[in-house]
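This report describes one molecular structure for a reader who has not met it before. Please keep the sequence and the 3D view at hand while reading.

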Amino acid sequence: MRTKRLAFFVIVAAVLASASCSDGRKAKMAMDDEAEEEPLPERYESDDLPRGADGLFDDFIYYFASNEQLQRRRIDFPIEESLHGKATRVITEGEWRMDPLFMDAGEYTLVLNAPSDRELVKDTATNNVTVEKIFLTEDSVRQFLFTRANGRWMLRAIRMERLANHANASFLQFYQQFASDSAFQVSSLCDEIAFSGPDPDDDFAQMEGFITPDSWEAFAPELPCDSIFTIVYGKPSSASREKTIIVCGISNGEEMELTFRQRRGKWRLAKLTE
């Protein structure tokens, strides 16, 4: 694939130094203040949360989704489950079944409505976060509402909503078609798509340039299209003409960013970063 890309790629800058993935995407465990950090395993074995893991939600949620006993201790039982704003049942601790959230999916996404949203991911003052499983083809969203009180993240409620009622409903419906329909995808590209990605001749370097729609096939990434997990920091906002989707790998720490801009009521891909 990489050699194929070279035939189409328009170079506009020299090879850049390799950029490391955002440290917020790589879950780490700190065993003590002196110890070296190690990547979080796919399943966390201890039921004790490491010191400092409640600081950032990004750190906490990996442990929560990886260990059943720890998960139970961080749910405010009995927990209410609602459908379209109406309570449907109350789940007791004895009825709860371990939910791995996005761990089994291998990835989750962030939908950024503004560049400033990136700061919320690393903001230790953020005390309200929602983890969503969005069923793009079924018009439904399952939301897990977390709040932090007294320095501890807790799951407080679960609710189901129609996708049509989501703050980003219109954009998510567009994204589902973009991710699943190749012809629609090509029709939803800007005349030039800014690209940044690995240099095919040097695994330790990045390159930048532009992709045109006629060469898109060589660059088109595989995107989740039936359902996605998203993490929403604070309150989502739909009032934006630019949205960035970040697809975050669980075990490898890799990220892919797609930035879309709305012009004359139509969303188009303007930038791809791998």
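## Phe102 and its contacts

In this predicted model, Phe102 is in contact with Ile61, Tyr62, Glu107, Tyr108, Phe229, Ile231 and Ile250, once its neighbours within four places in sequence are left aside. Three of these partners reappear in a list of core residues: Phe102, together with Phe57, Ile61, Tyr108, Phe146 and Ile231, is among the residues that touch the most other members of the largest nonpolar core.

## The nonpolar cores

The largest nonpolar core holds 35 residues. At least two residues of this core come from each of H2, S5, S7, S8, S9, strand S10 (152–162), strand S13 (227–233) and strand S14 (242–249). Helix H2 gives the largest share, namely six residues.

Another core lies apart from this one and has 29 residues. Its members include Phe171, Phe195, Phe219 and Leu272.

## Helix H2

Helix H2 spans residues 57–64, and eight of its eight residues are buried, so the helix is largely enclosed by the rest of the structure. The buried residues are Phe57, Asp58, Asp59, Phe60, Ile61, Tyr62, Tyr63 and Phe64. Of these, Phe57 and Ile61 are also among the core residues that touch the most other members.

## Backbone features

The peptide bond from Phe77 to Pro78 is cis, and its omega is near -10°. Pro78 belongs to strand S5, which covers residues 75–83.

Two residues other than glycine have a positive phi: for Leu101 the value is near 50°, and for Asp139 it is about 55°. Leu101 lies in the loop between strand S6 (86–91) and strand S7 (107–112), whereas Asp139 lies in the loop between strand S8 (128–135) and strand S9 (140–149). Are these residues buried or exposed, wholly or in part? Leu101 has a relative accessibility of 5% and therefore counts as buried. Asp139, at 27%, counts as partly exposed.

## Confidence in the model

The average pLDDT of the chain is 84, and 82% of the residues score at least 70. Over residues 1–42, however, pLDDT stays under 50. The model has 87 contacts beyond four places in sequence for residues 1–42. Where pLDDT is low, predicted coordinates should not be read in detail.

Notes
Residues numbered from 1 in each chain as written. Predicted model: local features only at pLDDT ≥ 70, side-chain atom pairs only at ≥ 80, totals over all residues. Heavy atoms only, no water. Helix = DSSP H or I, 4+ residues; strand = E, 2+ residues; numbered from the N terminus. Buried < 20%, exposed > 50% of the residue type's maximum accessible area, 1.4 Å probe, protein only. Core = buried A, V, L, I, M, F, W, Y, C linked by side-chain atoms within 4.5 Å. Contact = heavy atoms within 4.5 Å. pLDDT = per-residue confidence, 0-100.
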